[in-house]
Amino acid sequence: MTQRTMTMTTSDLSATNKLEDVQGDNSSFRGLETRAVHAWFGKHHALAGVSLRFPERTVTGLIGPSGCGKSTFIRLLNRMHEFIPSAAMAGSVLLNGSDIYDPSEDPAMIRLKVGMVFQKPNPFPAMTIRENVLAGIKLAHLKRDNHDDIVEQCLTRAGLWKEVKDRLDASGGSLSGGQQQRLCIARSLAVEPQVLLMDEPCSALDPGSTLRIEETIKELAEKITVIIVTHNMQQASRVSDYCAFFLTDGGPGYLVEADSTRKMFTNPSDPRTADYVQGKFG
Amino acid sequence: MSNVVQASDQVTIEPQRPWAVKRVVRATNAGRLALFAALAAGITLVSPLANADGWALAFLVVNLTWTIATAVRLGAKERRDAIVRVVVSSLAFLAFVPWLSIFISTALKGYKGLYPGYLFNDMRITSYDDELTFGGVGHAVVGSLIMVAIATILTLPLGILSGIYLTEVRGRLTFMVRFIVQSMAGVPSVVAGLFIFATVVQSMGRYSGLAGGIALAVLMLPTVSRTAEEVLKLVPDDLRSAGYALGARQWRTALMVVLPTVKAGLTTAAILGIARVIGETAPLLLTSLNTNGFMWNPIGGTLGSLPTYIFAMFMYGSEFSVARAWSGSVVLLSIVLFFFVLARRLGGRSEKRAKAGVGKAARTSVGTK
Ligand SMILES: Nc1ncnc2c1ncn2[C@@H]1O[C@H](COP(=O)(O)OP(=O)(O)OP(=O)(O)O)[C@@H](O)[C@H]1O
Ligand SMILES: [Mg+2]
């Protein structure tokens, strides 16, 4: 835990965040890293100079008020940003040291390595539960022969196996909202991503389902890197090892501070972080 | 703890689009296509292949050969990608060939009769086999536009209303309305013309543009209401629920929430309907007939139109009159094309706006494109 804390970067308090490289060695960093990334929608500068590191096998919570660019940032991490016609970006995003925006990279392969769970549960309605879990394998033409094992394993890791093991051939849409979201998590796990991005995965769920998904996230962190956007401060403090706080002053969103979750919630270096996590604004 | 400031923070930051196809690549691709087009033209000259179809075939073969030749040195996955891409774009291109072929051969036969005054003169004092530098098609364009306008005024409200009935009201007659509207699409145009002849023409005692417009409306209605229904079906139910949850009645919601959302789609529906009927000949021969001069009154007697102009010119059969028929065809095709492009432009714009979603910035998104 102490070692993890040290690898997290904090940033300058000004709008141009500088990467404070605590450990020095850049090339051997394992995990996801952004260097001074910016995002634009047409002429609208939505995100400015975010440098962050997400070490392997950790959970990072992204927090901040509405409209500060969290979703934009997270979509930059698996090249979903480019689907918006007017979108542009600057800076670089490195996965285990190699730039995912390099022209030689295949965006489809990047998205296979960096999975995503969306705010609204979106299981494929025309597929059964089982087919939903295996959808990624079929879509990406992955060669796997132990399909039954994969289904059981992914549903178990997503905390859904017990509830659905007797009705794997029911439609994905026949589940409750919370179950659907866990099905979506299982679906993204089946392609064995190295990083899982979650944009407010629990915002539409009841406390019970939320807790179960949080447990799932903690278990996932034993194997993969998880980055989760949340508006729920308790959730951020419960699931994440690190937190990053974003803010906007009307202009582009920027990173205020990033540190270990304990420090962010007990003794942050920026007074705005303290106010935000205590619910004084935003 | 030392602060290592990254160099990348110091330079001025420019928006980039690393995912976009590089300009050099795009230029090379365009250059290659131009080269292949020229090559295909060369092949058409020396081989038995002829005309636009022959050229298209040669162009296709050259492209496929090139892709297969270059795909050999790619990996399995990229090769599959490249081949699928070429097959799909070739098929799209093939669908384009009949259209291209019709348009080019019409233009080749019809360009002789096109002179600046062609669009503004009529055939009142010019006889059908006069020199091509006399007379024109202006009266037929005016007549066609008058009748299409009448048809649009009649069908647009009806089509939209039936679309609303089918998607919003969903009353007990939904099945019947849909069945009747769709089977109307199967009514042969000559039967529609005959029907209007028996009712409107006979009761008015003369042929007229109004009768022609009504006959066209009968043919246009299925297209418009069908397209309107499809467009309205695309409106997500969430939007309607949002309207109801604000206390709006069903018809208010349909009028103020649903219809504005699909304004552009309904415009497309109207334009597709217009493009569908503007070339109809048979019903007009039974309802509005033909004239040789400008005529602005839709109830004042026979009214000329582009299809009947073309028909009359062909039937006359002299060298110059047939050439006039081809020139009229060029004008008619251009008008249809214009309407289709217009429909695409209007539909495309609303699509873009819907995708861009929120924010003023999205609407003025130029710059980085
Ligand atoms: N598709 C888009 N087109 C244009 N502007 C956009 C688009 N998506 C987001 N923006 C703009 O980018 C900025 C950041 O939006 P983003 O969705 O990233 O915020 P967020 O932090 O995820 O907010 P929330 O917590 O409400 O989800 C906002 O100002 C928004 O208006
Ligand atoms: Mg968001």
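Colleague: Which of the 14 residues around ligand 1 come nearest?

Modeller: Ser66(A), Lys70(A), Ser71(A), Thr72(A) and His231(A). A residue is near a molecule if one of its heavy atoms lies within 4 Å of it. Bear in mind that this is a predicted model, where local features need pLDDT of at least 70, side-chain atom pairs count only at pLDDT 80 or more, and totals for chains, interfaces and linings use all residues. Residues are numbered from 1 along each chain as its sequence is written, chains are lettered from A and ligands numbered from 1 in the order in which they are written, and side-chain values use heavy atoms, with hydrogens and water left out.

Colleague: Where does ligand 1 lie?

Modeller: Between chains A and B.

Colleague: What makes the pair of Lys70(A) and ligand 1 a polar contact?

Modeller: A polar contact is a pair of N or O atoms within 3.5 Å; within protein, one must be able to donate a hydrogen and the other to accept it, and residues adjacent in sequence count only if both atoms are side-chain atoms. An N or O atom in the side chain of Lys70(A) is 2.8 Å from an oxygen atom of ligand 1, so the pair qualifies. A polar backbone atom of Gly69(A) is 3.0 Å from a ligand 1 oxygen. For the side chain of His44(A), the distance from an N or O atom to an oxygen of ligand 1 is 3.4 Å. Of the 630 Å² of accessible area that ligand 1 has on its own, the protein covers 75%. Such areas come from the Shrake-Rupley method with a 1.4 Å probe; for residues, only the protein chains shown count as cover.

Colleague: Which element gives the most to the shell around ligand 1?

Modeller: H2(A), with 3 residues. Strand E2 (44–55) and helix H2 (70–76) of chain A each supply at least two. Helices (H or I, at least four residues) and strands (E, at least two) are DSSP runs, numbered from the N terminus.

Colleague: Why is Phe179(B) called exposed?

Modeller: Exposed means over 50% relative accessible area, buried under 20%, partly exposed in between (1.4 Å probe, protein chains only). Phe179(B) has 53%, so it counts as exposed. Its place is helix H5 (residues 174–184) of chain B. Phe179(B) also belongs to a nonpolar surface patch with Leu173(B), Phe175(B), Met176(B) and Ile180(B), about 560 Å² of accessible area together.

Colleague: How do you know that Arg240(B) is buried?

Modeller: Its relative accessibility is 6%, and the limit is under 20%, so Arg240(B) counts as buried. Arg240(B) lies in helix H8 (residues 237–245) of chain B. Its side chain reaches the backbone oxygen of Leu232(B) at 3.1 Å.

Colleague: Why is Lys263(A) called partly exposed?

Modeller: Its relative accessible area is 29%, which falls between the two limits, so partly exposed is the class. Lys263(A) sits in helix H10 (residues 261–266) of chain A. Lys263(A) and Gln234(A) are 29 residues apart in sequence and 14 Å apart in space, C-alpha to C-alpha.

Colleague: What is the phi of Arg79(A)?

Modeller: Positive, about 60°, although Arg79(A) is not a glycine. Arg79(A) lies in the loop between H2 and strand E4 (87–95) of chain A. At 3% relative accessibility, under the 20% limit, Arg79(A) therefore counts as buried.

Colleague: And what makes Glu200(A) buried?

Modeller: A relative accessibility of 14%, again under 20%, so Glu200(A) counts as buried. Glu200(A) is in the loop between strand E7 (195–199) and helix H8 (207–220) of chain A. Phi of Glu200(A) is near 45°, a positive value in a residue other than glycine.

How values were computed
Patch = residues over 30% accessible without salt bridge, like charges linked within 9 Å, V, L, I, M, F, W, Y side chains within 5 Å. Salt bridge = Lys/Arg side-chain N within 4 Å of Asp/Glu carboxyl O.
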